[in-house]
Each structure stands twice: as structure tokens, then as C-alpha cells.
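Here's a quick tour of some charged pairs and one helix packing contact. Have the structure open while you read.

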Amino acid sequence: MPIDPLTPGIVPPWNPTGSADPDEARKAKSHVLQGSSAAGARALGTQLVAFYFRAPVKAFFKMRVDYMQVARAINPHITANAGWSFAQTTPGLLAHAIREHGWGFIPRQVLPPMIANATVGAILYTTYLQSLAALHEPNAHSTKRVFPPPPISATFLAGFMAGTVQSIVAAPLDALVVRFKVSDMLQGGYKSVFHYSRHKLKEIGVRGVFAGYGLSFLKESFGYGLFFASFEFVKQQAYFSFLTWWYSGLHFINLGPALPPPTPVSVESASAPTVIRPHYSAEPIFLLLAGAFASITQQAVQHPISKIQDVHYGRLESIDYLSKLEHKQTSVWQEYRHSYGKTYEQCQMQAKKAGGWRRWLWRGLAMHTLRQIPSTSAGLFVFELFRRRFATEEQEKVVIKAAGREILLN
């Protein structure tokens, strides 16, 4: 009976606490390694894309903390708004900073925010892997090919959980990004970004850290729910459906030497099914398409919320500044609570000037998404490669049966 690749299948109920798995710790470490690799690849992809387009990194991927902000602020080419040159690239900025402040500039001003970005990304991907393993039993096994694929509801919920955890962990970083001023750090005698950040967090307290968290929760949870659901759907269900359609017989085309001809399982039996190995380029293409589609769906949610969030964070920054001047710390919490209503009024004014809410919220969405697709696809591509590289459990032959053929998936 043919296997419908769009149907995730029926799996037995899974009780994660019902059995003691000696490999559980190893699997958890593997998830952490895979998540860290994906986060690093996404950051590296961001740098490459930024260098190609000759624009600041922040324009291509809105990192939690811009680790080149201090180096950019002390560079005369940046402060003078000079035309583009190699001195404005990341290597050029670092070279100037090292000449002026020595090699200690990197561990003091560059590494702390870089580590913070990588940590948040690793937590995101690791939480997703652990959540998906709990929601879909086949994902709990360290196999290279998960079959049947998880339903879109499971991947969305796992992404939703991962985004929620990330929003909580990254709340202090978001609060610092809003209130961070290079001039304050350089003139305040702080030794490093870490010391400045610790002082700023102590100054604003827990209430300041989680002020405006509601918008961050909506943006991260729903954004990454769609992000991972879209990625897994295109990578698995859409890919399996394409293979079934392409090799079903009606659309089967011999592509030449690059596509080996079907090999019979048994030469003794004429009725034996034909085993087909998909073309080697098919799956990488779908992986890249999955990364692009994931970026598009994510930005459809996060881009408009980011517009509102920028306005809201600007209001919170003003509240902190006024409370510091007037020395009225007791009224800050009241201002935080009423800030959402005032943010809505301000957003309404901006939307009216732009010609409506839809035009204001989604302005610039296409260009922002196009710029983010390369780094996102690279990160997810490496994420999938490492997930399969560290799969250790043996797996039986996984096939899709269609029109008397067996399409071998592993």
C-alpha cells in the first residue's frame, strides 16, 4: 500500500519517564552541539551577506546585541559618514580598534556580546530539538531520517516553545539594546561591555528588564513557531510529496548519468519492486527552499511586531531617562503599565501618516526578508547537517512506495 508522505502516521503513545534510557545524556549533549552549530552558522552567514552588500550587519540580521557597535562608534570613517571603504568592514573596524586600544579590545568589547548572541541562538535550537522529541516520538531517536515526519502542529508547538524560552532568556539583552549608549560606556570609565551591562541591569532592575515583554513574547513565540513549522514542512512533507510525484511513473524521467537507473531488489523475481535512489541534488535544494520559506513566514509575523516594538522601546527609554532626572523611581512601574496604551496612540499616528496600518506595518518587509534569507538558509542547512552527522542509532531502510517502486530515503 502506498505511503502518503503528507500523513505523519500513527505512532504509539510515548512516556518519556516510563523507561530509563542510558543514552539520554548523550542525546541531550548532541542537541546542544547541533543547536550551537546552527547558531554559529547563521551568525557567520550574516557576516558574509553583510560584506557582500557592503552595509552594516545590523541591517541584515537584527542581532540581540551588535558586537561591533563599540568598534563602529570609535572609527573615524563611520563617525564622519565617509564613503564606503574596506575600513568600514568588520576586519577594518577591528584592525582600527586594535591599533588604538590593543588586542585587549576584542575580549573586552567584542567577545561578550558575541557570546551572548551565540548563547541565545544555541538555546533556541536546543529547546526546539528537545521539545520536538517530546511531542513526536520518532524525533526522540537519534536517527538520520525521521519517518514518518512530524505533523505541522508538533513542529509549530515545538517552535512556539523554543521562541518562548528564547524570549525569556533574551529579555535582559533586549533591555540592554534599548538602553545601550556607547558614549555612556566610554565616558563612564567602564572596563568592558560586560561591566557596563551589569551596571545598567542593576540600575533598571527586574521591572526594567521585563518591561515590554508582552510584545517580545508574541514576536518570538509565534514567529519561531511558523519558522520551524515552515522549515520542517518543506524539508520533509513537501520533499516526500515531490519524490512521490516525480518517481511515480507518470512523470519519471531518466536524467542521464547523474541519475542511476532503477536497480531491482531481486533479479530472480520479476515482480520485485524497483528501488530508486533520488537524485543527490534534490534534498539540498529542498533544504535551501525550506530555509527561504521559513524566513518568509517568520518575517511575516516578526516584521510588523518589530515596528510596534521599536516605538514601545523608545517610550520605555524615555521613561527611564525622565525617572533618572526626577529621581522618582516609585512611579516608574506605573509608567510601564500605562505605556502600552500610549504606544498604541503613537503607532496610530504613524500609521495614519503612512496611509494606514497595513502600509506602515509591512513597509520594507520584502527587502528585509530578502536580505535575511541567505543567513537563515545557511544556519538551517548546517543545523540539519549536524543533526544527521551526530545521529548514532541504526535505522531500517526507509522507503516511499509509489507505482510499484520503492524510493529509498536513507
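Arg 145 and Glu 283 form a salt bridge, with 3.0 Å between their closest N and O atoms. Keep in mind that this is a predicted model. Arg 145 sits in the loop between H5 and helix H6 (152-169), while Glu 283 belongs to helix H11 (residues 282-326), so the bridge ties together parts that are 138 residues apart in sequence. Are the two partners buried or exposed? Arg 145 is buried, at a relative accessible area of 6%. Glu 283 counts as buried too, with 15% relative accessibility, since the cut-off for that label is under 20%.

How many salt bridges turn up when the whole structure is searched? The answer is four, and here are the ones this report looks at:

| Salt bridge | Closest N to O distance |
|---|---|
| Arg 145 with Glu 283 | 3.0 Å |
| Glu 232 with Lys 235 | 2.9 Å |
| Glu 384 with Lys 235 | 2.9 Å |

Now for Lys 235, which pairs with Glu 232 and also with Glu 384. Glu 232 and Lys 235 are both in helix H10 (residues 213-246), and because they are three residues apart, about one helical turn separates them. Both of these residues are buried. The other pairing goes between helices: Glu 384 lies in helix H14 and Lys 235 in helix H10, so this bridge ties together parts that are 149 residues apart in sequence. Glu 384 counts as buried, at 4% relative accessibility, and Lys 235 is likewise buried at 4%. Through shared partners, the salt bridges join Glu 232, Lys 235 and Glu 384 into one network.

H14 also has a contact with H5, the helix just before the loop that holds Arg 145. At what angle do the axes of H5 and H14 cross? Helix H5 (residues 105-135) and helix H14 (residues 365-389) have axes that come within 13 Å and cross at roughly 50 degrees. That angle makes H5 oblique to H14, because it falls outside the ranges for roughly parallel (under 35 degrees) and roughly perpendicular (65 to 115). The crossing of H5 past H14 is right-handed.

Which residues meet there? From H5 come Tyr 125, Tyr 128 and Leu 129, and on the H14 side they meet Leu 380, Phe 383 and Arg 387. Sorted by class, this contact has five nonpolar residues, no polar ones and one charged residue.

Notes:
Residues are numbered from 1 along each chain as its sequence is written. This is a predicted model: local features need pLDDT of at least 70, side-chain atom pairs count only at pLDDT 80 or more; totals for chains, interfaces and linings use all residues. Side-chain values use heavy atoms; hydrogens and water are left out. Axes are lines fitted to C-alpha atoms, for helices over the stretch in contact, and angles run from 0 to 180 degrees between N-to-C directions. Helices (H or I, at least four residues) and strands (E, at least two) are DSSP runs, numbered from the N terminus. Angles under 35 degrees count as roughly parallel, over 145 as roughly antiparallel, 65 to 115 as roughly perpendicular and the rest as oblique. A crossing is left-handed if the near helix is turned anticlockwise from the far one by less than a right angle, and right-handed if clockwise. Contact means heavy atoms within 4.5 Å. Ala, Val, Leu, Ile, Met, Phe, Trp, Tyr, Cys and Pro count as nonpolar, Asp, Glu, Lys and Arg as charged, and the others, Gly among them, as polar. A salt bridge is a side-chain nitrogen of Lys or Arg within 4 Å of a carboxyl oxygen of Asp or Glu. Buried means under 20% relative accessible area, exposed over 50%, partly exposed in between (1.4 Å probe, protein chains only).
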